[in-house]
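Trainee: I should like to request a close look at one part of this model, namely the protein surface beside the nucleic acid. Please set it in the context of the elements that surround it.

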2 protein chains.
Amino acid sequence: MNTMNKKLEYALMALKYFDDQRSESLQDVIVSAKQIAEMTHAPYEVVARVLQILSSRGILKAEYGTQGGYRLEKNLSQITMHDLIVMIEGSTELAKCLSVDKECDLLTKCTIISPVQNLNQKVQNFYKSISIAEVLNV
Amino acid sequence: MNTMNKKLEYALMALKYFDDQRSESLQDVIVSAKQIAEMTHAPYEVVARVLQILSSRGILKAEYGTQGGYRLEKNLSQITMHDLIVMIEGSTELAKCLSVDKECDLLTKCTIISPVQNLNQKVQNFYKSISIAEVLNV
DNA sequence: CAAAAGGCGACATAATTAGTCGGATATACC
DNA sequence: GGTATATCCGACTAATTATGTCGCCTTTTG
């Protein structure tokens with residue numbers, strides 16, 4: 001049942017950190033992957049990879065060189081959980097058979113394709129209805 | 001992201017089959033694990049295990065012996081996706097750190113415990129709001 | 001040009017999921 | 001009563017996925 005996974009946790013922790021720093025200093029701060037890794041007590045390489053993804057999707061902006069790092073580019077109220085899940089996990093498909101590149105194991109014999117599609121749509125709409133800001137600000 | 005897994009798929013397919021049979025014959029039919037396995041093209045042992053779980057939770061009623069099998073005991077509109085997920089997967093906790101028997105990896109250092117609890121509650125409420133009937137009847 | 005940062009691919013390990021096997025108990029039918 | 005056919009249950013193996021590691025590259029600052 002674990003929809004949540006480590007990468008998603010790290011992403012949320014990182015975004016929360018950026019957001020908190022922004023609130024405190026009233027300006028966008030630059031934070032390196034190393035700092036985030038230390039803060040989250042998570043392996044540097046994994047956190048770095050997550051930040052790279054967020055950067056490639058325009059959530060963060062990367063700056064190279066010494067004193068480099070990332071800036072938060074977007075407002076967290078404008079990013080949905082669905083967006084984040086797609087970025088981190090590649091898809092929000094509930095079951096493998098729903099992915100475009102995979103076929104249903106049971107081929108034409110599956111009796112629940114439309115029910116699963118139905119549920120999948122509900123779940124996607126649910127995650128689309130929740131913003132990151134809404135999750136973090138509790 | 002796969003909240004859905006094989007056991008849940010088999011459970012849904014089995015419940016759909018029972019429900020369809022009930023609708024067609026206008027009475028509760030008895031169906032064996034073997035029949036369900038053949039119908040779903042899934043391994044007999046796995047399907048059998050899933051049906052045992054549904055039986056132990058009162059969704060199905062088991063009958064031993066030749067001509068035995070299971071009967072659908074409950075109305076599918078009164079079982080929620082949350083119920084089914086708990087039965088099959090044991091818990092609906094989003095993250096391991098939320099389970100009562102496990103501790104958070106990050107101990108007191110986790111910065112997103114309340115956000116994750118927050119999201120977890122939303123997800124649980126979502127699955128509690130969807131009945132099996134609602135998923136299957138599309 | 002060295003140090004420190006991001007970017008990327010391949011690999012190794014850990015954890016979870018899925019499936020298998022063996023044997024037990026219960027019931028119907030001959 | 002014995003056999004066939006069911007449900008039940010535990011332990012095990014295999015497959016898949018999630019997680020973490022390593023190496024090397026590019027970019028920028030001082």
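Mentor: In this predicted model, the element that gives the most to the surface near DNA strand C is helix 3 of chain A, with four residues. Helix 2 (33–40) and strand 2 (69–72) of chain A likewise give two or more residues each, as do helix 1 (6–25) and helix 3 (44–56) of chain B. Around DNA strand C there are 26 residues, of which A:Ala62, B:Asn5, B:Pro43, B:Glu45 and B:Gly65 come nearest. Sorted by class, this surface holds 13 polar, eight nonpolar and five charged residues.

The elements of chain A that line this surface also serve as cover for another helix. Helix 2, helix 3 and strand 2 of chain A are among the elements that cover the buried residues of helix 1 of chain A. The cover also includes helix 4 (81–89) and helix 6 (132–136) of chain A, and helix 5 of chain B contributes from the other chain.

Helix 1 of chain A itself spans residues 6–25, a run of 20 residues. From first C-alpha to last it reaches 28 Å, close to the 28 Å expected at 1.5 Å a residue. Its buried residues are A:Leu8, A:Glu9, A:Tyr10, A:Ala11, A:Leu12, A:Met13, A:Ala14, A:Leu15, A:Lys16 and A:Phe18. Just after this helix, A:Leu26 adopts a positive phi of about 55°.

Helix 5 of chain B, which takes part in that cover, also packs within its own chain. Helix 5 (residues 113–128) of chain B meets helix 4 (residues 81–89) of chain B at an angle of about 110°, and their axes are 6 Å apart. Angles of 65 to 115 degrees count as roughly perpendicular, so helix 4 of chain B is roughly perpendicular to helix 5 of chain B. On the side of helix 4 of chain B, the contact is made by B:Met81, B:His82 and B:Ile85; on the side of helix 5 of chain B, by B:Gln124, B:Tyr127 and B:Lys128. By class, this contact has three nonpolar residues, two polar residues and one charged residue.

For the wider setting, chain A has six helices and two strands, arranged along the sequence in the pattern α-α-α-β-β-α-α-α. Of its 138 residues, 33% count as buried. Among contacts in chain A between residues at least 6 apart in sequence, 55% join residues at least 24 apart.

Technical notes:
Residues numbered from 1 in each chain as written. Chains lettered and ligands numbered in written order. Predicted model: local features only at pLDDT ≥ 70, side-chain atom pairs only at ≥ 80, totals over all residues. Axes fitted to C-alpha atoms, helices over the stretch in contact; angles between N-to-C directions. Parallel < 35°, antiparallel > 145°, perpendicular 65-115°, else oblique. Contact = placed C-beta atoms within 7 Å. Nonpolar A, V, L, I, M, F, W, Y, C, P; charged D, E, K, R; others polar. Near = placed C-beta within 6 Å. Expected span 1.5 Å × (residues − 1). Buried ≥ 20, exposed ≤ 12 C-beta atoms within 10 Å, placed from the backbone.
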